[in-house]
Number of protein chains: 2
Amino acid sequence: MHTVAARAGVSIASASRVLNGLGGSAETVRKVREAAAEVGYVPNAIARSLQSQRTGLVALAVEDIGNPVYVAMMRAIEAVVSESGRQLLVHQTSASIGGEVALLQRLAHRYVDGMIMSPIRITESHTRALLDSPVPVVVIGQLPDDVAVDNVRTDSRTGVALAVGHLHEAGHRRIAFINGPLDTVPGTARDAGFRTALVKHGLNVEEDLIEVGDFQYAAGRAAIERLLDRGRPDAVVCANDLIAAGALHGLLARGLRVPHDVALVGMDDTELAQMSFPQISSVSLGSAERGRLAARLLVERIADPTLPARREQVAPHLVIRASSQAVAG
Amino acid sequence: MHTVAARAGVSIASASRVLNGLGGSAETVRKVREAAAEVGYVPNAIARSLQSQRTGLVALAVEDIGNPVYVAMMRAIEAVVSESGRQLLVHQTSASIGGEVALLQRLAHRYVDGMIMSPIRITESHTRALLDSPVPVVVIGQLPDDVAVDNVRTDSRTGVALAVGHLHEAGHRRIAFINGPLDTVPGTARDAGFRTALVKHGLNVEEDLIEVGDFQYAAGRAAIERLLDRGRPDAVVCANDLIAAGALHGLLARGLRVPHDVALVGMDDTELAQMSFPQISSVSLGSAERGRLAARLLVERIADPTLPARREQVAPHLVIRASSQAVAG
DNA sequence: TTGTAAGCGTTATCAC
DNA sequence: GTGATAACGCTTACAA
């Protein structure tokens with residue numbers, strides 16, 4: 001920039017103005033543009049950030065970058081973020097509480113203009129760090145009601161109920177459930193949703209039909225083995241698609257037909273559900289939509305930090321595919 | 001920082017020194033630490049970057065963030081990068097040439113300290129932008145020999161040959177191939193590898209047994225339909241695991257058994273291959289290893305930009321699973 | 001319209 | 001050991 005100004009024979013301020021499209025006489029503009037082109041001038045993003053107090057970066061913190069549900073969210077977020085002229089910085093938290101809180105605290109360094117976070121556990125230290133953050137944060141997921149932070153949520157209790165209702169309607173009565181950890185927010189919500197839904201349909205809650213693992217493929221595969229060892233269910237609801245894929249393959253490995261012998265419903269409606277055989281019915285929790293909304297909220301808040309905390313809700317819906325379709329016997 | 005210095009009653013310079021752990025009398029150190037704690041001082045990353053001329057950020061540009069092969073690479077890269085105290089910025093290029101080149105040119109803004117890029121096409125403008133880049137770039141993938149840029153590659157020709165050899169040895173003779181676009185670097189390499197391998201085993205190259213689509217699941221599914229319509233092959237080699245999963249499901253949908261009726265081998269050895277049923281044999285191209293190496297090269301080069309361009313090679317190997325395992329008849 | 005100069009929050013180089 | 005002071009590369013009042 002210094003060089004450009006010198007080369008164009010104008011002050012450094014004039015050069016800056018021209019390069020930012022503000023004023024300047026035709027002659028000055030020409031000279032500066034020329035000089036800039038000659039030396040291949042490119043503005044320094046850091047210096048500009050120091051001045052403007054913004055980095056043009058937005059962070060996304062997710063637990064597991066390999067989970068297709070986060071891939072879908074990430075895509076939606078990326079679209080909004082890059083449309084707003086910013087770039088996305090992705091963090092993987094591995095669901096470590098210390099790590100997530102440390103990440104929130106690091107925001108004080110102001111290396112990003114904002115963050116979208118989807119924690120699966122919310123602790124006291126999370127909420128404190130969230131409220132203390134000098135940089136806007138949008139949380140995707142359930143958040144205590146009194147925490148005034150922008151928040152996008154869905155209702156996975158209702159989501160599980162949709163799955164149970166669908167299976168019940170298809171005539172299934174021994175409905176099993178493979179859940180993720182109960183000490184996570186989605187884990188508890190889905191557990192409650194399952195139990196409530198069973199009762200609502202006049203079914204007993206049999207603990208033998210409920211399995212808990214983590215939210216991974218291998219856990220689904222292991223859980224279905226245990227369920228089958230205790231007696232075959234008519235149908236299985238899984239707390240996410242990764243678990244559902246594991247369960248599906250466990251069933252197939254035992255020579256069972258899906259949906260003929262056992263029907264299956266997953267959750268999150270990810271690509272994985274469509275990339276399975278048979279394709280897996282899945283409760284969509286609107287992950288792309290949640291991502292999009294969260295990104296919008298964040299962009300708006302960065303533009304106007306005085307906005308009151310907002311809360312968006314995305315309704316779940318069931319996508320029925322072959323794994324739970326009624327079939328001729 | 002200004003505030004901290006004032007509060008501690010020392011100069012701003014002394015405060016900076018203490019906070020960076022350089023010298024200071026016991027008394028000064030105490031006062032500064034105290035003042036910093038009281039006001040909750042956190043250093044500003046941007047200002048620090050402006051001074052140090054580095055951002056502590058490393059970018060990764062991949063074509064498709066949803067492809068499990070990139071997820072594996074990303075994980076490996078993230079590990080090395082964060083161990084070096086830096087953070088990872090992920091870009092999705094959607095394989096757009098203009099986008100990739102623009103990304104390389106944007107490096108001149110110095111918003112990151114370096115970049116790892118895995119382009120599937122390499123054009124003249126790529127190599128020019130690569131060589132012009134003022135910021136270190138490591139390329140994962142084939143690069144023209146005369147381009148002096150750090151590079152990590154594998155040998156997917158040999159990889160395809162491993163697959164063909166394995167299938168041939170198992171007695172398969174009508175071996176089909178589902179490839180990605182021929183105008184991509186991996187596409188051409190795999191095509192050449194397939195043809196060469198067939199010849200080496202004394203088989204004819206039948207164009208009818210070669211299908212081309214993109215590197216996605218749906219393309220694999222569509223391609224296998226076309227192949228089956230023309231007459232069933234004994235075995236199918238797929239240019240990646242996404243294609244292989246699509247092909248697998250196409251076969252199953254036609255009521256064919258894998259590997260009994262048709263054997264199948266994928267490529268990249270991703271989680272998807274293990275999360276399929278039956279599990280898919282796959283040629284590992286060492287994606288995690290390539291990611292790790294690339295990240296190491298980048299970290300080294302950032303530390304010492306004068307290093308000569310280096311080239312690392314990762315050998316492919318075949319991972320045999322159920323989809324190509326010999327089975328009792 | 002243009003130039004001078006202050007400032008963004010740090011770090012680093014000096015004298016002292 | 002410590003404190004001025006000059007960078008880092010840019011934007012932006014303010015004055016000319």
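**Figure 1. A right-handed β-α-β unit in chain A is formed by strand β1(A), helix α5(A) and strand β2(A).** The model shown here and in the following views is predicted. Helix α5 of chain A spans residues 68-83. Strand β1(A), residues 57-62, pairs with β2(A) in the parallel sense, and 6 bridges join the two. Within this pairing, Val58(A) has Leu88(A) of β2(A) as its bridge partner. Strand β2(A) covers residues 87-92; because 5 of its 6 residues are buried, the strand is largely enclosed by the rest of the structure.

**Figure 2. The largest pocket is lined by residues of both chains, including Leu57(A) and Leu57(B).** The volume of the largest pocket is about 1,000 Å³. Its lining comprises 43 residues, of which Thr55(A), Leu57(A), Tyr111(A), Leu57(B) and Tyr111(B) are the closest to the centre. From chain A, the elements α4 (45-52), α5 and β2 each supply at least two lining residues, as do α4, β2 (87-92) and α6 (97-106) from chain B. By class, the lining of this pocket consists of 13 nonpolar, 20 polar and 10 charged residues.

**Figure 3. The largest cavity of the structure has a volume of about 360 Å³.** Closest to the centre of this cavity, among its 22 lining residues, are Tyr70(A), Ile120(A), Pro186(A), Arg190(A) and Arg290(A). Two elements of chain A, α5 and α9 (185-200), give two or more residues to the lining. Helix α9(A) provides the largest share, 4 residues. The lining of the largest cavity contains 11 nonpolar, 7 polar and 4 charged residues. In the whole structure, the search finds 4 cavities of 30 Å³ or more. Empty space of this kind is revealed by rolling a probe the size of a water molecule over the atoms.

**Figure 4. A cis peptide bond precedes Pro259(A), and another precedes Pro259(B).** In chain A, the bond runs from Val258(A) to Pro259(A), with omega near 10°. Pro259(A) is placed in the loop that links α11 (241-253) to β9 (263-267) of chain A. In chain B, the bond from Val258(B) to Pro259(B) is likewise cis, with omega near 10°. The loop holding Pro259(B) lies between α11 (241-253) and β9 (263-267) of chain B.

**Figure 5. Positive phi values occur at two residues other than glycine, Asp268(A) and Gln53(B).** Asp268(A) has a phi near 115° and is located in the loop between β9 and α12 (271-274) of chain A. With a relative accessible area of 7%, which is under the 20% limit, Asp268(A) is buried. For Gln53(B), phi is about 65°. Gln53(B) occupies the loop between α4 (45-52) and β1 (57-62) of chain B. Its relative accessibility of 52% is over the 50% limit, so Gln53(B) counts as exposed.

**Figure 6. Cys238(A) is buried, and Cys238(B) is also buried.** The relative accessibility of Cys238(A) is 1%, so this residue counts as buried. Cys238(B) likewise counts as buried because its relative accessibility is 1%. Over all chains, the structure holds 0 disulfides.

Conventions. Residues are numbered from 1 along each chain as its sequence is written. Chains are lettered from A and ligands numbered from 1 in the order in which they are written. This is a predicted model: local features need pLDDT of at least 70, side-chain atom pairs count only at pLDDT 80 or more; totals for chains, interfaces and linings use all residues. Side-chain values use heavy atoms; hydrogens and water are left out. Buried means under 20% relative accessible area, exposed over 50%, partly exposed in between (1.4 Å probe, protein chains only). Two strands pair if DSSP finds at least two bridges between them. A crossover is right-handed if, with the strands pointing away from the viewer, the path from the first strand over the helix to the second runs clockwise. A disulfide is a pair of cysteine sulfur atoms within 2.5 Å. On a 1 Å grid over the protein atoms alone, a cavity is a set of points where a 1.4 Å probe fits but cannot get out, and a pocket is an open set with protein on both sides within 12 Å along at least five of seven lines; lining residues have an atom within 4 Å of a point. Grid points are joined across faces, edges and corners, and a volume is the space filled by probe spheres set on the points. Ala, Val, Leu, Ile, Met, Phe, Trp, Tyr, Cys and Pro count as nonpolar, Asp, Glu, Lys and Arg as charged, and the others, Gly among them, as polar.
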